[in-house]
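Me: Please take a close look at one part of this model, the helix that carries several charged side chains and a metal ligand, and follow its contacts outward. A connected account would suit me better than a table.

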Amino acid sequence: MLCLSAASDPGWARAALQDLDAILVDHAHCEMKAAANALSLAARHGDHPRIARALTNLAREEIDHFQRVLRELDRRGLVLGAPPVDEYAAELRRASARLAPQLRTPLVDRLLVGALIEARSCERFKLLFDAMEGSLHDELRAFYGELLAAEARHSRVFVDLATIAAEGDLTATDVLARLSMLSVIEAAIVRRLAAGHTRATIHG
Ligand SMILES: [Fe+2]
Ligand SMILES: [Fe+2]
C-alpha cells in the first residue's frame with residue numbers, strides 16, 4: 001500500500017463504476033493537475049537540478065496520461081469542463097503547513113504530499129482494475145493496470161526526491177517520520193470526504 005496508512009472503503013470502486021463517466025472526467029483533471037504541479041515545482045526549484053530534472057520527466061508522463069484520458073473522454077462524447085475545487089489536495093497541503101513547523105521545509109512537504117496523492121491514485125486505480133474484472137471494460141481495465149504501476153513508481157520518486165531536498169535540514173529518518181504523520185492526516189481526509197458525500201471522484 002506504498003506510504004498510505006489506511007485503505008479506501010472497498011465500496012468506493014462499486015460506486016465509481018456506477019458513474020464511470022464522472023470518474024473519467026475527474027481522472028483527467030487529476031492527471032492535468034499532476035503534470036501542472038510537477039512542472040511548477042520544477043520551475044521554482046532550478047537550484048536543485050536533479051529534482052527539477054526528475055519532476056520534468058514526471059510531468060511529461062502525466063501529460064501523456066492526461067492526453068490518453070482525454071481520448072477516452074472523446075470516445076465517449078464527454079467534455080472535460082473546468083477543473084473542480086480539489087478539496088482533497090487542498091486540505092492535505094493546508095494540513096502539512098500546520099504540522100510540526102519546526103520540522104517543515106516547504107519543498108520537502110510539497111514532495112511528500114505528492115507522494116501521498118500518487119499513492120492514493122495508485123490504490124484507487126487498483127480498486128478500479130479489480131472491479132472491472134469480467135466486465136465489458138477490458139481496454140479501460142488494461143489502461144488502469146498500466147497507470148497504477150506508473151503512479152506507484154511516481155510515489156516512490158516523490159519520496160526519494162523529498163529525501164534529496166531535505167539534505168542538510170532533515171535526516172532521511174526525519175523525512176520518513178514526517179511522511180508517516182502526513183499519511184495519517186491523509187487517511188483522515190479520505191475518511192471524512194467519503195463520509196460527507198458520495199461524489200464520483202478519484203480521491204473523494
Ligand atoms: Fe498519472
Ligand atoms: Fe503520477
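Reply: A salt bridge here is a side-chain nitrogen of Lys or Arg within 4 Å of a carboxyl oxygen of Asp or Glu. The model is predicted, and the distances below are read with that in mind.

Helix α5 covers residues 106-131. Within α5, Glu-123 and Arg-120 are three residues apart, about one turn of the helix. An α-helix has 3.6 residues a turn, so residues three or four places apart point the same way. The side chains of Arg-120 and Glu-123 form a salt bridge, with N and O 2.9 Å apart. Both Glu-123 and Arg-120 are buried.

Glu-123 has a second partner: a salt bridge joins Glu-123 to Arg-124, at 3.9 Å from N to O. That distance still counts because the cut-off is 4 Å. Glu-123 has a relative accessible area of 12%, so it is classed as buried. For Arg-124 the relative accessibility is 2%, which also counts as buried. Elsewhere, salt bridges with shared partners connect Asp-21, Glu-72, Arg-75 and Arg-76 in one network. Over the whole structure, the search finds 15 salt bridges.

Another of these pairs is Arg-104 with Asp-109, where the closest N and O atoms are 3.1 Å apart. The two ends of this pair differ in exposure: Arg-104 is partly exposed, at 28% relative accessible area, whereas Asp-109 is buried, at 1%.

A further polar link involves Arg-110. The side chain of Asn-37 makes a polar contact with the side chain of Arg-110, at 2.5 Å. Asn-37 belongs to helix α2, residues 20-44, and is buried, with a relative accessible area of 14%. Leaving out residues up to four places away in sequence, Asn-37 touches Arg-93 and Arg-110.

The metal site is next. The iron ion (ligand 2) is coordinated by OE atoms of Glu-62, Glu-118 and Glu-151 and by ND1 of His-154, at 1.9 to 2.6 Å; Glu-118 is listed twice among these donors. Along the sequence, the donor residues follow the spacing E-x55-E-x32-E-x2-H. Glu-62 in helix α3 (residues 49-75) and Glu-118 in helix α5 are 56 residues apart, and the pair links distant parts of the chain. Both Glu-62 and Glu-118 are buried. The iron ion (ligand 1) is 3.5 Å from the iron ion (ligand 2), and Glu-62 coordinates both.

Helix α6 takes in residues 138-166, 29 residues in total. From first C-alpha to last, α6 reaches 43 Å, close to the 42 Å expected at 1.5 Å a residue. After α6 comes Gly-168, whose phi is positive, near 95°.

Cysteines are the last item. The count of disulfides is zero, where a pair would need its sulfur atoms within 2.5 Å. For Cys-3, the nearest cysteine sulfur is that of Cys-122, 9.7 Å away, and Cys-3 is in no disulfide. Cys-122 is likewise in no disulfide, with the sulfur of Cys-3 as its nearest at 9.7 Å. Both are classed as buried: Cys-3 has a relative accessible area of 16%, and Cys-122 has one of 11%.

How values were computed:
Residues are numbered from 1 along each chain as its sequence is written. Chains are lettered from A and ligands numbered from 1 in the order in which they are written. This is a predicted model: local features need pLDDT of at least 70, side-chain atom pairs count only at pLDDT 80 or more; totals for chains, interfaces and linings use all residues. Side-chain values use heavy atoms; hydrogens and water are left out. Donors are N, O and S atoms within 2.8 Å of the metal (3.2 Å for Na, K and Ca); water is not among the atoms, so sites may look incomplete. Helices (H or I, at least four residues) and strands (E, at least two) are DSSP runs, numbered from the N terminus. Buried means under 20% relative accessible area, exposed over 50%, partly exposed in between (1.4 Å probe, protein chains only). The expected span of a helix is 1.5 Å times one less than its number of residues. A polar contact is a pair of N or O atoms within 3.5 Å; within protein, one must be able to donate a hydrogen and the other to accept it, and residues adjacent in sequence count only if both atoms are side-chain atoms. Contact means heavy atoms within 4.5 Å.
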